[in-house]
Amino acid sequence: MEDREEISYVNQQEAIEIDRMLMGPLAFTVDQLMELAGLSVASAIGEVYSSSEYTRVLVICGPGNNGGDGLVAARHLHHFGYKPSICYPKRTTKPPFAGLISQLESLSVPFLPVEDLPMQLSSDFEIIVDAIFGFSFHGNPRPPFDSLIRRLVSMRKQQRAHEKAAVIISVDIPSGWHVEEGDVCGEGIEPDMLVSLTAPKLCAKMFCGPHHFLGGRFVPQSVIDKFKLKLPSYPGTSMCVRIGNLPQPNLSAPKGIFAASLSLEVEEDPIDQFQKWLGDALAAGVKEPHYMVMSTAGKDAKPSSRMISLEGVNKDGFVWHTNYGSRKAREISENPHASLLFYWCSLNCQIRVEGFVEQVSDEESDQYFSSLPRDAQIRPIVSKQSTSINGREVLYQQYKELEDEYHERTSIPRPKHWGGYRLIPEFFEFWQGEESQVHLKLRYYVEEIDGRKVWRVDKLVPLLAESTSSL
Ligand SMILES: Cc1cc2nc3c(=O)[nH]c(=O)nc-3n(C[C@H](O)[C@H](O)[C@H](O)COP(=O)(O)O)c2cc1C
């Protein structure tokens, strides 16, 4: 998973110019770009939502190229084993749209008029793909797209009321959002997954859903150089890559489907194993899988534990943010070792991580801080963790004063007493319990061989232990 800060976000004008360059001097055709976009969207859906649990897909296609991306995605989804239906109220009959319609009709993919959509979209579909408007859209959505967007918004409200709802996947931009400013009126779609295309647009910084992917593995170096793009590397031969801060919980996954659905394949690198189990947990709808218990002990060797929100994980380690004046910070300064514990009840699994802790650089903390919404920036300025306060009112009062003080300012500086830590792992245990009592345990520990650090993994089940090493 790539850090959100290390990736470029482009504004509307840049997005338009990138497209012009691709279709001008670089000789890409609209059909090609649509194919690449649609394939990326379908691949990203396949990464998170398995076709066996999320079979029925409604792809809502707008009148422009974003709608075309949706048509291509629908065709790929059909071949990936999903059952797509399409709602395409303002059909464009020019190429390449006409060809895509014929291809879908030849596969017997149904086209549903708006009037034939069920009252409750979630009763007929597990996934809704929002391919209505893309980055070139501006102004207010017109009929029938305005009411379709409203339906998706109200579907999400039902979900908040704990009813089962389909998941929403937005193609490049959540429809109705401003391409740079996001959901300006606060009443737009809140998708579960956003698949940014080519490079994420500025509004994607405001996306808070659990799954942010980038698709479009074709951007030539000349485009990257010209627009000074920082794009993540794609894993293996994948057409998409997960990006952004650690995913937030997917509250929309259908309840009651949680099987013991963790991948039992063993990765050589425990970070890959962690990412895989985290992805499985999100796909299974585990709430708040990024919350962890973090334990430290200072020079008195007395352990202390607390909940912490994991903000990022990659091959360098696990990152969280906190108050540098807190008890945990003091204990880390006295003894820079900590343990992390993740427990995902519905999957009956836990992951233990132990390692060395270091403070992240000021630049990294600044970058993370600047990506936070304003209220999340003001809170740590007010918060004096691990200290006594004279009632909550004092904090509310300070919060209010700071809100007023920063009202006119475009950026809020990071308070020096707040920043990040990174745990560099030295030990992992992945544990999954089974009803049969045949629990799986994977233990990874670091060994030094010929001056190199290598991960060793022990796979343990009761009465049976096998050991393998990974280089
Ligand atoms: C679900 C949850 C998530 C939390 N996430 C954080 C966090 O990311 N950073 C943080 O400093 N405190 C977080 N807290 C508060 C800590 O648990 C703790 O109360 C606080 O950091 C002070 O801990 P200390 O006195 O041991 O340093 C979280 C609490 C809960 C319940």
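This is a short tour of a predicted model, stop by stop, for your viewer.

**Before you start.** Residues are numbered from 1 along each chain as its sequence is written. Because the model is predicted, local features need pLDDT of at least 70 and side-chain atom pairs count only at pLDDT 80 or more, while totals for chains, interfaces and linings use all residues.

**The whole chain.** Show everything as a cartoon. You have twelve helices and 17 strands, taken as DSSP runs numbered from the N terminus (helices: H or I, at least four residues; strands: E, at least two). Of the 471 residues, 39% are buried, with 20 or more other C-beta atoms within 10 Å of their own (12 or fewer is exposed, in between is partly exposed; C-beta atoms are placed from the backbone).

Now colour by pLDDT, the predictor's confidence in each residue, from 0 to 100. The chain averages 86, and 87% of the residues score at least 70. Select residues 246–260, where pLDDT is below 50; this stretch still has 41 contacts in the model beyond near neighbours in sequence. A contact here puts two C-beta atoms, placed from the backbone, within 7 Å.

**Helices α2 and α3.** Select residues 30–48 for α2 and 65–79 for α3: these helices pack at about 55°, with axes 7 Å apart. Axes are lines fitted to C-alpha atoms over the stretch in contact, and angles run from 0 to 180 degrees between N-to-C directions. The pair is therefore oblique (under 35 degrees is roughly parallel, over 145 roughly antiparallel, 65 to 115 roughly perpendicular, the rest oblique). Show side chains on both helices: among the residues that meet are Met34, Leu39 and Ile45 of α2 and Val72, His76 and Leu77 of α3. The contact of α2 with α3 divides into ten nonpolar, four polar and two charged residues (nonpolar: Ala, Val, Leu, Ile, Met, Phe, Trp, Tyr, Cys and Pro; charged: Asp, Glu, Lys and Arg; polar: the others, Gly among them).

**On to α4.** Keep α3 and add residues 97–106, helix α4, which packs with α3 at about 25°, with axes 10 Å apart. That makes α3 roughly parallel to α4. Gly68, Leu71, Val72, Ala74 and Arg75 of α3 meet Phe97, Leu100, Gln103 and Leu104 of α4.

**Last stop, Leu460.** Is Leu460 in strand β16 (residues 452–461) buried or partly exposed? Leu460 is partly exposed, because 17 other C-beta atoms lie within 10 Å. Add Leu440, 20 residues apart along the chain: the two C-alpha atoms are separated by 6.2 Å.
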